[in-house]
Amino acid sequence: MTKSLEPTSSVRLDKWLWAARFYKTRAIAKEMINGGKVYYNGQRTKSSKMAELDAVIKLRQGYDEKEIVIKKLSEQRQKAIIAQTLYQETPESIVKRETYAEARRLNVLNNPAPDHKPDKKQRRQLIRFKEG
C-alpha cells in the first residue's frame, strides 16, 4: 500500500485532527471527539465523520478553546509547518484565547502561593475557621 501526497477528497475527522497536529495520537483525537470536546459545525459529532473543506471545528486543548476552519484535507501527519496550512483559526477565537490567557496570567500574579506551609498552630486555626 503506497500513500500518495495528492490531496484527498475525504478524511475521517479523528485522522484529520491527528494530521493537523491538534492531538498526538489518533486514539486521543477519537477520545476527545467522543468525549464532547470537539464540535463540528456547531454540533457534537462522531470520530468517523468525514471532514469537509470550510467546516468550522471548535475544540478544547487544555485551558484553550479554539475555533478553526478546515482549509485542506490530509490523512498523513507531516511537519508542523505543513500541518498549519491545513486550517485557519478564526480572528474571534484568537482574541478570545489571548483574553483568557491574560486573565489567567493576572490571576496567578494576584494570588501568589504562600512562602511556607502553615505550622501546627496555624493549621488548627484554619480547621476551626472552616468548621465555623
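Aspartate 14 is a good place to start: with a relative accessibility of 2%, this residue counts as buried. The model is a predicted one, so please read what follows as a description of that prediction. Which residue does aspartate 14 pair with at 3.1 Å? Its partner is arginine 12, and 3.1 Å is the separation of the closest N and O atoms in this salt bridge. Arginine 12 has a relative accessible area of 29%, and is therefore partly exposed. The pair thus brings together a buried acid and a partly exposed base. There is also a third member to look for, since Arg12, Asp14 and Arg26 are linked in a network of salt bridges.

Let us move along the chain to two further pairs. Arginine 97 and glutamate 89 form a salt bridge whose closest N and O atoms lie 2.8 Å apart. Here, too, the acid is buried, glutamate 89 having 17% relative accessibility, under the 20% cut-off. Arginine 97, at 24%, falls on the other side of that cut-off and counts as partly exposed.

Lysine 58 and glutamate 67 make a salt bridge as well, with 3.9 Å from N to O. A bridge is counted within 4 Å, so this pair qualifies. Lysine 58 is partly exposed, with a relative accessible area of 32%, and glutamate 67 is partly exposed too, at 26%. Over the whole structure, a search finds eight salt bridges.

Now step back to the fold. The chain holds five helices and seven strands, and their order from the N terminus is β-α-α-β-β-β-β-β-α-β-α-α. The radius of gyration is 21 Å, whereas the globule rule gives 14 Å for 132 residues, so the chain is more spread out than a compact globule. You can also see the dimensions in the C-alpha trace, which spans about 70 × 30 × 30 Å along its principal axes.

How much of the chain is buried? Of its 132 residues, 25% count as buried; aspartate 14 and glutamate 89 are among them. The chain exposes about 10000 Å², and carbon and sulfur atoms supply 53% of that area.

Two last views take in the chain as a whole. Among contacts between residues at least 6 apart in sequence, 46% join residues at least 24 apart. As for charge, the chain carries 29 positive and 16 negative charges, and the mean positions of the two sets are 7 Å apart.

Conventions:
Residues numbered from 1 in each chain as written. Predicted model: local features only at pLDDT ≥ 70, side-chain atom pairs only at ≥ 80, totals over all residues. Heavy atoms only, no water. Salt bridge = Lys/Arg side-chain N within 4 Å of Asp/Glu carboxyl O. Buried < 20%, exposed > 50% of the residue type's maximum accessible area, 1.4 Å probe, protein only. Helix = DSSP H or I, 4+ residues; strand = E, 2+ residues; numbered from the N terminus. Rg over C-alpha atoms; globule rule 2.2 N^0.38 Å. Contact = heavy atoms within 4.5 Å. Areas by Shrake-Rupley, 256 points an atom, 1.4 Å probe, with all protein chains shown as cover. Lys, Arg positive; Asp, Glu negative; His and termini not counted. Charge placed at Lys NZ, Arg CZ, Asp CG, Glu CD.
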